[in-house]
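Reader: I am new to reading structures. Please pick one part, look at it closely, and then show me its surroundings. Keep it brisk.

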Amino acid sequence: MRIYRLIPILALLLIASVKVDAQCKAFAKKVCLPELGSYTHDGNYHAAVLVEGEEAELYKTFYSDMDYRVAICGEDKLPNIEFRIMDSNKNVLYSNKDNNYSRTWDFKLQSSQQLKLVVKVTSFNQAGDTPASGCVSIMFGFKIKK
Amino acid sequence: MNRNHEISSGLLMVVLLFTISVIGCTSGGKKAPKEDLSVQVPTDNTAVYEDIKQAEKIFNALPSPLESAMLIKSAGARFDESLLNNVGNVNKYVTNKSMALNLGIYTCDLSFASLYEQTQLIIDYMNAAKKMADGLGILKAIEQSTIDRLEENINNSEVIMEIVSETFMNSSSYLEDNGQPAIAAMTLVGGWFEGLYISTQLVDMKEFNGNKLVGRIIDQKLSIDILLSLLESSKGDPAVDEIIAQVSKLKIVFDKIKITTSPVRPEFDQATNITVLKSEVKTDMTPEVFLELAATVGEIRNSFVK
């Protein structure tokens, strides 16, 4: 019978995980979406809870004749979010580390390319502390080139 | 007593497995697989996928239905209502698979109609997308207030695009956050196929060479592996497995197209604050391959809307 006592705990865990992700959606909409400014959001949703030191990767094709803005945002409780954009030869085309961990980057392409985004939550470097975790959201906006 | 214990252990296992799977799935991305992806990638994209195992989360980002429609318009294509999935078909879609695919298809059609300012069609396609979202149990994706807002702003293309983008994000985030990545993936697949179908149907074979729309269709080869990876993450779901088989057939045709790209050189334009990624690309698609591609896309898309 004791085993049944665990079920509410597991159910709570389940509800908590869904709630955390719902918070990620709210964070993405409230904080990251405005970062796209005059660019039209493509409507796709990419968000996850990441812990200090964790990385996420995103693969996407970008097209010529479009202007793009990528916005990558982390919750305030997280340290800086670093992101790099690479081509198919692993050449780093942009790193926000060289730009004071800027949340956005505007770019366009002469020819369509599949690019890879690597997003990393940096570390507070405080040994012994519980690593911080929080939502990280990646959003794309575009404009047709005039 | 023993029997009770067995039942309760079984129940606990089910709850545990369910909890673990949901926690694993609702993080908005996918854990990197522990072994090599089974997707065959062409040589030009192999390098991108080579170190896929390093990240904690992987996002495979297909063009959204709005982006697909935008690509067609930017290629200078005309609007042709007869190419869209008829809104009269909505009642035919009763399975999760057909509703998910057609949520993406109708959202792409809606975006297409919006970009060409087809006011009555915008309302009709938003209602069709709403019907699919409601059928999938997606709460608050498209509410009546959204339709009312759309009607009030029917001549304001900027607001309409915002609404289309917002409703699609509501649907995809709901599905991701509620442990339904397979449905979310099928929605994206539906939208991607609809964009590709409309594009292939709009190509005038008399103006094949140098046709901008043909260039856009060739570009979709760059997304076919992303599409397969997205579906592979829900492999085992019978509906997804069927689509993987169809997409694999399409990949065989795409593999007949050659794309060669020179190294990318980023150049920052101080006047606009925009970085230009410069590179030259050479592509090679014969009219015969194009016709084969158009036929395969048409066959798959028609199986989605039937």
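Author: Start with a term. Two strands pair if DSSP finds at least two bridges between them. Keep that in mind for the part I have picked: strand β8 of chain A, residues 113-121. One caution before we look: this is a predicted model. Its scores are ipTM 0.85 and pTM 0.83.

Now take strand β8 of chain A itself. Is it enclosed or open? Count the buried residues: eight of the nine. The strand is therefore largely enclosed by the rest of the structure.

Next, look for its partners. One is strand β3 of chain A, residues 55-62. Eight bridges join β3(A) to β8(A). The two strands run antiparallel. Another partner is strand β5 of chain A, residues 81-86. Here six bridges make the link, and these strands also run antiparallel.

Pick out one residue of β8(A) now. Which residue of β8(A) stands opposite A:L58? It is A:L117. Turn to A:I85, and its bridge partner in β8(A) is A:L117 too. So A:L117 has A:L58 opposite it and A:I85 as a bridge partner; 117 also falls within residues 113-121, the range of β8(A).

Step back to the whole of chain A. Its secondary structure comes to one helix and nine strands. Along the sequence, the helix leads and the strands follow: α-β-β-β-β-β-β-β-β-β. Chain A has 146 residues, and 45% of them count as buried. Take the contacts in chain A with a separation of 6 or more: 82% of these join residues 24 or more positions apart.

A second spot in chain A shows such long reach at the level of one residue. Find A:C73 in strand β4, residues 66-74. Is A:C73 buried or exposed? Buried, because 23 other C-beta atoms lie within 10 Å, and the cut-off is 20 or more. Leave out residues up to four places away in sequence. A:C73 then touches A:V31, A:C32, A:E35, A:R103 and A:S137. Consider A:L33 as well. A:C73 and A:L33 are 40 residues apart in sequence, yet their C-alpha atoms are 9.5 Å apart in space.

For contrast, turn to chain B. It has twelve helices and six strands. Of its 306 residues, 44% are buried. Residues 24 or more positions apart account for 73% of its contacts with a separation of 6 or more.

Where is the largest nonpolar core? It has 119 residues, and B:A129, B:V189 and B:L227 have the most contacts inside it. Helix α8 of chain B, residues 181-202, gives the largest share, twelve residues. That helix has 22 residues and reaches 32 Å from its first C-alpha to its last, close to the expected 32 Å. It is mostly covered, with 20 of its 22 residues buried. As for B:A129, its contacts beyond four places in sequence are B:L103, B:Y106, B:T107, B:L110, B:I142 and B:T167.

Finally, check the confidence. Chain B averages a pLDDT of 85, and 82% of its residues score at least 70. Residues 1-53 of chain B fall below 50. Even so, that stretch has 76 contacts in the model beyond near neighbours in sequence.

Terms used. Residues numbered from 1 in each chain as written. Chains lettered and ligands numbered in written order. Predicted model: local features only at pLDDT ≥ 70, side-chain atom pairs only at ≥ 80, totals over all residues. Core = buried A, V, L, I, M, F, W, Y, C linked by C-beta atoms within 7 Å. Buried ≥ 20, exposed ≤ 12 C-beta atoms within 10 Å, placed from the backbone. Helix = DSSP H or I, 4+ residues; strand = E, 2+ residues; numbered from the N terminus. Contact = placed C-beta atoms within 7 Å. Expected span 1.5 Å × (residues − 1). pLDDT = per-residue confidence, 0-100.
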